[in-house]
Amino acid sequence: MRLRHAVGAALGALVLTVTPPASAHAANGFFIYRYGLPGAQTTGFMQDPTSLHCTDIPEIEGHPLQNGFSPENRTDEDVFLFLGEDCTGARTTPKAGTSAGPLRVFKSVHFDNGS
C-alpha cells in the first residue's frame with residue numbers, strides 16, 4: 001500500500017515539474033498616459049496591465065470632465081481605448097509599441113492578449 005502512494009506522489013511531482021506555466025494574462029511592459037485638466041496635467045502609467053478585464057483609468061474614475069489622453073502603449077499587446085468607463089462607448093485600438101497624441105482621449109482600457 002505504501003509503495004502505491006509513493007509511486008502516485010512521484011508521478012504527481014513529475015507532472016508538476018514538466019507542465020509549462022500558465023499564462024499570467026498580463027501585457028508585458030508599460031502603458032503610459034496623461035490625465036487632468038489643462039494646466040494641471042499629470043502622467044500616469046500601468047505596469048504589466050492585466051488582459052483579463054476592463055480597467056478604468058483610476059485617476060479619472062468618477063470625474064466626468066476629465067479624460068486620459070496621449071497614450072503610449074509600450075506593452076507587447078494591442079490595447080482597446082474606450083471613451084466611457086467600464087469599456088463603454090466608441091473605441092480605438094493602438095497597436096503594441098505605438099503612441100498617440102493628445103486628441104486620443106479615453107476613460108477605460110482593455111488589453112488584447114489574443115484569446
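**Rings, strands and salt bridges**

Q: How many aromatic pairs does the count come to?
A: This is a predicted model, where local features need pLDDT of at least 70 and side-chain atom pairs count only at pLDDT 80 or more, while totals for chains, interfaces and linings use all residues. Residues are numbered from 1 along each chain as its sequence is written, and side-chain values use heavy atoms, with hydrogens and water left out. Rings of Phe, Tyr and Trp (its six-membered ring) pair if their centres lie within 6.5 Å; planes under 30 degrees apart are stacked, over 60 edge-to-face, and the rest tilted. By this rule, the count is 6 aromatic pairs.

Q: Which kind of aromatic pair do Phe-31 and Phe-111 form?
A: Let's begin with the distance: the ring centres of Phe-31 and Phe-111 are 5.6 Å apart. Their planes meet at 85°, and the pair is edge-to-face.

Q: How many residues apart are Phe-31 and Phe-111?
A: Strands here are DSSP runs (E, at least two residues), helices are H or I runs of at least four, and both are numbered from the N terminus. Phe-31 sits in strand β1 (residues 29–37) and Phe-111 in strand β8 (residues 108–112). The pair therefore links distant parts of the chain, with a separation of 80 residues.

Q: Are Tyr-33 and Tyr-35 buried or exposed?
A: These two rings form a tilted aromatic pair, 6.2 Å centre to centre with 45° between the planes. For accessibility, buried means under 20% relative accessible area, exposed over 50%, and partly exposed in between (1.4 Å probe, protein chains only). Tyr-33 and Tyr-35 are both buried.

Q: Which residues form one aromatic cluster?
A: We have already met Phe-31 and Phe-111, which are both buried. Both belong to one aromatic cluster, whose members are Phe-31, Tyr-33, Tyr-35, Phe-106 and Phe-111.

Q: Which residue lies over the face of Phe-80?
A: A charge sits over a ring if NZ of Lys or CZ of Arg is within 6 Å of the ring centre and within 35 degrees of the ring normal. Here the distance from the ring centre of Phe-80 is 4.1 Å, and the residue is Arg-91.

Q: What is the order of the 4 strands in the open sheet?
A: Two strands pair if DSSP finds at least two bridges between them. The edge strands, each pairing on one side only, are β2 (40–47) and β7 (105–106). The pairing is antiparallel, and the order is β2-β1-β4-β7.

Q: Which residue in β7 stands opposite Gly-68?
A: Strand β4 (residues 68–75) runs antiparallel to β7, and 2 bridges join them. Opposite Gly-68 in β7 stands Phe-106.

Q: Which residue forms a salt bridge with Arg-34?
A: A salt bridge is a side-chain nitrogen of Lys or Arg within 4 Å of a carboxyl oxygen of Asp or Glu, and the whole structure holds 2 salt bridges. For Arg-34, the closest N and O atoms are 2.7 Å apart. Arg-34 lies in strand β1 and its partner in strand β4, so the pair ties together parts 38 residues apart in sequence. That partner is Glu-72.

Q: Which residue forms a salt bridge with Asp-78?
A: The closest N and O atoms of this pair are 3.5 Å apart. Asp-78 is in strand β5 (residues 78–82), while the partner is in the loop between β6 (91–92) and β7. The partner of Asp-78 is Lys-95.

Q: What is the phi of Cys-87?
A: Most residues other than glycine have a negative phi. Cys-87 is in the loop between β5 and β6. Although Cys-87 is not a glycine, its phi is positive, at about 55°.
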